[in-house]
Amino acid sequence: MALDDCGRLCKYTLFIFNLIFALVGFVFLGLGLWLRFSDGTRAFFEIEDFNSSTFVIAVTVLIITGLVMLIVVVFGVYGACNEKRCALLTFSVLVTILAGAVVVFGVIANSRKDEIGFRIAEFYSSIYLLYVANSDPVLAVTLTFIQKLLQCCGATGVTLLDFAKETCPDPDSFWEHIKMDACPGVIVDVLNRNAPVVMGLFVGTGVILLLALICSSTLAKKLKTPPTPQYIIRTQPPPSHLEYIPTSTSISYSYPEQKPVVLTPLTVANNPVVIT
């Protein structure tokens, strides 16, 4: 079906949104599966005492989040590229659920930022201890990313003596060659000091999801099935068919004999067809 300018804009916007969404989903899923099946972390999932630990919960959330995001992308890309209204409506429902979940989680994270900060710090400590015990390259990449992002070094902060000093970022000053901030404390402090920023990230994500919802709903509306043809039957001929008969006292009009009306299912540009 041919789309107007608004429809094409929504179509291309949905494609770009789903492309970004797919990249993030693959990162979450890949990291979660990597941490789940890596030789250095598999013991956390095989030992029953660790099944409720923060590390196991965080990895499970990463895997589930990545899978959900990729499922949403499948419906979005298929509906937008092939102009399938049913797929777009399914995509809209899933995006609505995601947007609601993001808002709820953002409110909970803001109201319980201290507890969540300690949980994230515990997650970091689990990765740190596993790396020290196994020197797993997957954990090394994860630690390097977190520590460069927060400019901290290990669990102790002592650059020269830390067990994972090779994953620490480059020092910015002479003092940092000796001592940096310990990462668990930095994680808790960052979440407490930047709670409005964290809340803004959740709100921004919700706004992006809302824009995707508007685009998908608009595109689905433009792909709506055209209405069935309608018929209007005139019982009288148009005025041009009237015959003028002059008389001495008055003016009267006589109608010519009407022919039977035959309906034919014709449609011209989706407008009602008038058959006389």
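The dialogue below goes through helices, disulfides, burial and packing in one predicted model.

Q: What kind of model is this, and how are residues numbered?
A: The model is predicted, so local features need pLDDT of at least 70, side-chain atom pairs count only at pLDDT 80 or more, and totals for chains, interfaces and linings use all residues. Residues are numbered from 1 along each chain as its sequence is written, and side-chain values use heavy atoms, with hydrogens and water left out.

Q: How many helices and strands does the chain have?
A: Helices (H or I, at least four residues) and strands (E, at least two) are DSSP runs, numbered from the N terminus. The chain comes to eight helices and four strands. Read from the N terminus, the order is α-α-α-α-α-α-α-α-β-β-β-β.

Q: What span should helix α1 have, and what span does the model give?
A: The expected span of a helix is 1.5 Å times one less than its number of residues. Helix α1 (residues 5-37) has 33 residues and should span 48 Å; its end C-alpha atoms are 48 Å apart, so the two values agree.

Q: What does the calculation give for helix α3?
A: Helix α3 (residues 54-82) has 29 residues, for which 42 Å is expected, and its end C-alpha atoms are 42 Å apart, which agrees. After α3 comes Glu83, with a positive phi near 55°.

Q: How much of the chain is buried?
A: Buried means under 20% relative accessible area, exposed over 50%, and partly exposed in between (1.4 Å probe, protein chains only). Of the 276 residues, 33% count as buried. In α1 the buried residues include Cys10, Lys11, Leu14, Phe17, Asn18 and Phe21. Gly7, Gly25 and Gly32 are also among the buried residues of α1.

Q: Which cysteines form disulfides?
A: A disulfide is a pair of cysteine sulfur atoms within 2.5 Å. The structure holds two. Cys152 pairs with Cys183, with the sulfur atoms 2.1 Å apart. This pair links distant parts of the chain, 31 residues apart: Cys152 lies in the loop between α6 (137-150) and α7 (183-193), and Cys183 lies in helix α7. Cys153 is joined to Cys168, at 1.9 Å from S to S. Here both cysteines are in the loop between α6 and α7, 15 residues apart. Counting bonded cysteines along the chain, the pattern is 1-4, 2-3.

Q: Which hand do the disulfides have, and why?
A: The torsion about the S-S bond of Cys152 and Cys183 is about 100°, so this disulfide is right-handed. For Cys153 and Cys168 the torsion is about 70°, so that disulfide is right-handed.

Q: Are the bonded cysteines buried or exposed?
A: Cys152 is buried at 0% relative accessibility, and Cys183 is buried at 0%. Cys153 is buried with a relative accessible area of 0%, and Cys168 counts as buried at 11%.

Q: Why is Cys215 not in a bond?
A: The closest cysteine sulfur to that of Cys215 is in Cys10, at 4.2 Å, which is too far for a bond. Cys215 is buried, with a relative accessible area of 13%. Cys81, at 39%, counts as partly exposed.

Q: How do α3 and helix α5 (residues 113-134) pack?
A: Axes are lines fitted to C-alpha atoms, for helices over the stretch in contact, and angles run from 0 to 180 degrees between N-to-C directions. The angle between α3 and α5 is about 100°, and their axes are 8 Å apart. That makes α3 roughly perpendicular to α5 (65 to 115 degrees; under 35 is roughly parallel, over 145 roughly antiparallel and the rest oblique).

Q: Which residues of α3 and α5 meet?
A: Contact means heavy atoms within 4.5 Å. Thr54, Phe55 and Ala58 in α3 meet Arg119, Glu122, Phe123, Ser126, Ile127 and Leu130 in α5.

Q: Which residues does Thr142 touch?
A: Thr142 lies in helix α6 and is buried, with a relative accessible area of 11%. Leaving aside neighbours within four places in sequence, Thr142 is in contact with Leu31, Leu35 and Ile127.

Q: Where is Arg42, and what does Arg42 touch?
A: Arg42 is found in helix α2 (residues 42-46) and is partly exposed, at 31%. Not counting residues up to four places away in sequence, Arg42 touches Arg36 and Phe37.
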